[in-house]
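Q: Got a minute to walk me through this model? I'd like to start with a sheet and wander from there.

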Amino acid sequence: MIKVSNLSVVFGAGTPLEKRALNGVDLTLEAGEFVSVIGSNGAGKSTLLGAIAGDVLATEGRIEIDGRDVTRQPTARRAALVARVFQDPLAGSCGQLTIEENLAIAAARGTRRGLGLAIGKRRTMLHERVEALGLGLESRLTDKMALLSGGQRQALALVMATLAKSSVLLLDEHTAALDPGMAEFVIHLTDRFVRDFRLTTLMVTHSMRQALDTGTRTVMLHEGRIVLDVSGATRSGMGVEDLVTMFRRKRGKAIDDDELLTS
Amino acid sequence: MSAFAFWGAVEIGLVYAFVGLGVYFSFRVLDFPDLTVDGSFPLGAAVAAMMIIAGINPWLATLAGMIAAGAAGVVTAVLNVRFKILNLLASILTMIALFSVVIRVMHGPNVSLLRRPTMLSPFYGHGVPDYLVRPAFLLVLVVIAVILLARLLASDFGLAMRATGANVRMARAQGIRTDWQVYAGMALSNALVGLAGALFAQTNGFADVTTGTGTIVIGLAAVIVGETLIRLRGVVFALIACVVGSVLYHIAIQVALEADVLGLQASDLKLVTAVLVTLALILPRLRRGARA
């Protein structure tokens with residue numbers, strides 16, 4: 001379970017460029033929930049993900065993962081609880097290392113990394129997991145990661161994220177850099193993994209379609225605040241048009257609120 | 001070239017193979033341009049030599065030299081990781097500080113090890129000429145080192161170190177404490193260079209503070225010459241390439257200096273080194289250019 005309470009993140013505090021990226025966000029994810037996050041550029045989607053992952057430090061508020069307060073923990077400390085896939089397919093793996101080496105690094109997430117052989121004991125398991133992708137990459141396990149396409153790397157990044165246990169899976173627009181075909185493959189794979197491994201997932205996306213089609217709940221961020229939170233029957237009855245309308249209304253309202261405050 | 005000169009070149013090449021391996025860890029594995037080695041080479045030599053002179057077992061003395069040099073690597077790593085000093089500058093600071101430290105350790109700029117027991121002493125005088133005993137002994141050490149380092153790089157710990165150098169963001173996201181990986185890698189890298197220094201002192205019979213100058217270039221030469229010649233995948237081949245590169249480089253230097261047609265003298269060594277490393281650096285580029 002993830003519990004974000006009153007989370008605020010301010011960049012460049014006290015300078016003329018001060019930017020309040022998150023402004024008192026409250027968000028609780030029950031175990032097994034798959035939440036998609038939408039919002040326009042600068043709404044705070046990536047900052048929210050970064051704050052949960054540990055890349056961005058909270059200015060105020062508190063982040064709990066499975067009851068543990070991780071607010072002040074650096075990224076590497078909380079990585080035992082957090083699995084991630086980045087937007088940039090090159091960011092999630094090491095191009096100079098082979099496919100199986102990258103997978104072995106991910107499989108050891110959350111464990112003490114000792115002097116035992118990294119691949120030996122995991123070879124069969126890694127082979128099976130890559131074979132299950134159906135991309136034919138199981139015959140290329142000793143190829144360098146850099147030789148693969150962005151889509152192949154992103155599919156493997158998803159496998160990497162599910163090799164070790166995690167309390168939450170963070171997906172940061174992980175299909176945005178892919179061609180439409182590969183993006184669809186990766187989103188189906190995401191769906192399958194989240195179901196098969198019962199993952200608690202937070203997915204940032206640009207696509208309203210994707211936000212409604214995948215997951216169990218959709219949250220909209222605007223100017224660092226959660227302005228919409230739908231799930232269940234309300235959500236399943238919604239189309240992209242409804243979402244856009246709500247988005248416009250909320251945005252308009254937010255602007256109105258701000259005007260009231262400043263006038 | 002005489003057999004004596006040839007085996008002499010092989011011997012010095014095998015000593016510097018450890019520098020090549022050390023530089024491979026800093027430059028290639030950690031992506032940390034580390035000039036500390038110019039100081040950790042004579043530091044390893046000085047510590048080992050002084051302990052041998054004090055009557056301590058040469059193997060223990062060599063180990064102490066490695067530990068001292070490894071500590072120097074940690075100093076550089078802390079300056080960079082903890083205090084955010086640019087990696088190259090951090091290593092230069094440690095390097096120049098070590099110049100003074102080494103002179104302190106030896107109570108002067110150099111010491112002699114003539115007629116002192118060394119790691120090699122038990123192997124002399126069994127009918128094999130000394131100029132062959134030395135490279136044979138060094139080759140055994142190098143092979144052991146390559147096996148141990150290859151095994152290390154294939155472990156979970158080793159992969160974490162390679163990930164730290166290759167993609168630090170990914171490494172952190174995978175729970176790797178990258179700061180500690182840099183400390184460990186820099187300690188290992190400089191310990192290997194310290195070992196080279198200790199072996200240099202024992203095979204040549206002296207330790208001298210000025211032997212450190214240009215160590216980094218010779219180490220890089222070994223790495224780059226090896227990489228240019230051995231283009232096989234995998235870290236094992238990369239490590240072997242460091243060793244082969246170091247030996248071939250020293251033979252090439254010997255040939256260049258002995259060839260009368262070139263009219264070179266011993267003091268041209270640094271220039272020849274620079275030219276050889278430059279050639280090794282631009283050759284792959286030229287080859288690629290020709291293909292394109």
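A: Sure, let's start in chain A: strand β1 (residues 2-11) pairs with β2(A) over seven bridges, and the two run antiparallel. Strands here are DSSP E runs of at least two residues, helices are H or I runs of at least four, and both are numbered from the N terminus. Two strands count as paired if DSSP finds at least two bridges between them.

Q: Before we go on, what kind of model is this, and how do the labels work?
A: This is a predicted model, where local features need pLDDT of at least 70, side-chain atom pairs count only at pLDDT 80 or more, and totals for chains, interfaces and linings use all residues. Residues are numbered from 1 along each chain as its sequence is written, with chains lettered from A and ligands numbered from 1 in the order in which they are written.

Q: OK. Which residue is the bridge partner of A:V10 in β2(A)?
A: A:R20.

Q: And what's the strand order in that open sheet of four?
A: The order is β2-β1-β4-β5 in chain A, with antiparallel pairing. β2 (19-29) and β5 (68-69) stand at the edges with a single partner strand each, so one side of each has no neighbour in the sheet.

Q: Any hairpins worth a look?
A: Try strands β9 (residues 217-222) and β10 (residues 225-231) of chain A, which pair in the antiparallel sense over six bridges. A:T218 sits opposite A:V230 in β10(A). Two residues lie between the strands of that hairpin, and A:E223 has a positive phi near 45°.

Q: Switching to parallel strands: which ones pair with β8(A)?
A: Strand β3 (residues 34-38) of chain A runs parallel to β8(A) and is joined to it by four bridges. Strand β7 (residues 168-172) of chain A also pairs with β8(A) in the parallel sense, over four bridges. For β3, the partner of A:V37 in β8(A) is A:V204; on the β7 side, A:L171 stands opposite A:M203. To get from β7(A) to β8(A), the chain passes through helix α6 (residues 180-196) of chain A, in a right-handed β-α-β crossover. Right-handed means that, with the strands pointing away from the viewer, the path from the first strand over the helix to the second runs clockwise.

Q: Are the faces of β8(A) buried or exposed?
A: Both are covered: A:T201 and A:M203 on one side are buried, and so are A:L202 and A:V204 on the other. Buried means 20 or more other C-beta atoms within 10 Å of the residue's own, exposed means 12 or fewer, and partly exposed is in between, with C-beta atoms placed from the backbone.

Q: What about α5(A), how many of its residues are buried?
A: 10 of the 12, so the rest of the structure largely encloses it. The cover includes β6 (82-85), α3 (99-107), α4 (123-131), β7 and α6 of chain A. End to end, C-alpha to C-alpha, helix α5 (residues 150-161) reaches 16 Å, close to the 16 Å expected at 1.5 Å a residue. That expected span is 1.5 Å times one less than the number of residues.

Q: Now chain B. What's in it?
A: Chain B has 11 helices and two strands. Buried residues make up 49% of its 292 residues, and the C-alpha trace spans about 55 × 50 × 35 Å along its principal axes.

Q: Which helix there should I look at?
A: Helix α2 (residues 37-53) of chain B has 16 of its 17 residues buried, so it is largely enclosed too. After it comes B:G55, with a positive phi near 90°. B:A46 is in contact with B:V102, B:V105, B:M106 and B:A207, leaving aside neighbours within four places in sequence. Contact means C-beta atoms, placed from the backbone, within 7 Å.

Q: How many residues of chain B are in contact with chain A?
A: 19, and they meet 24 residues of chain A. α6(B) gives the most to that side of chain B, with seven residues.

Q: And where is B:G175?
A: In the loop between α7 (168-173) and α8 (178-204) of chain B. B:G175 counts as buried because it has 24 C-beta neighbours inside 10 Å. Beyond its neighbours within four places in sequence, B:G175 is in contact with A:A76, A:A79, A:A80, A:R109 and A:G110.

Terms used: Contact = placed C-beta atoms within 7 Å.
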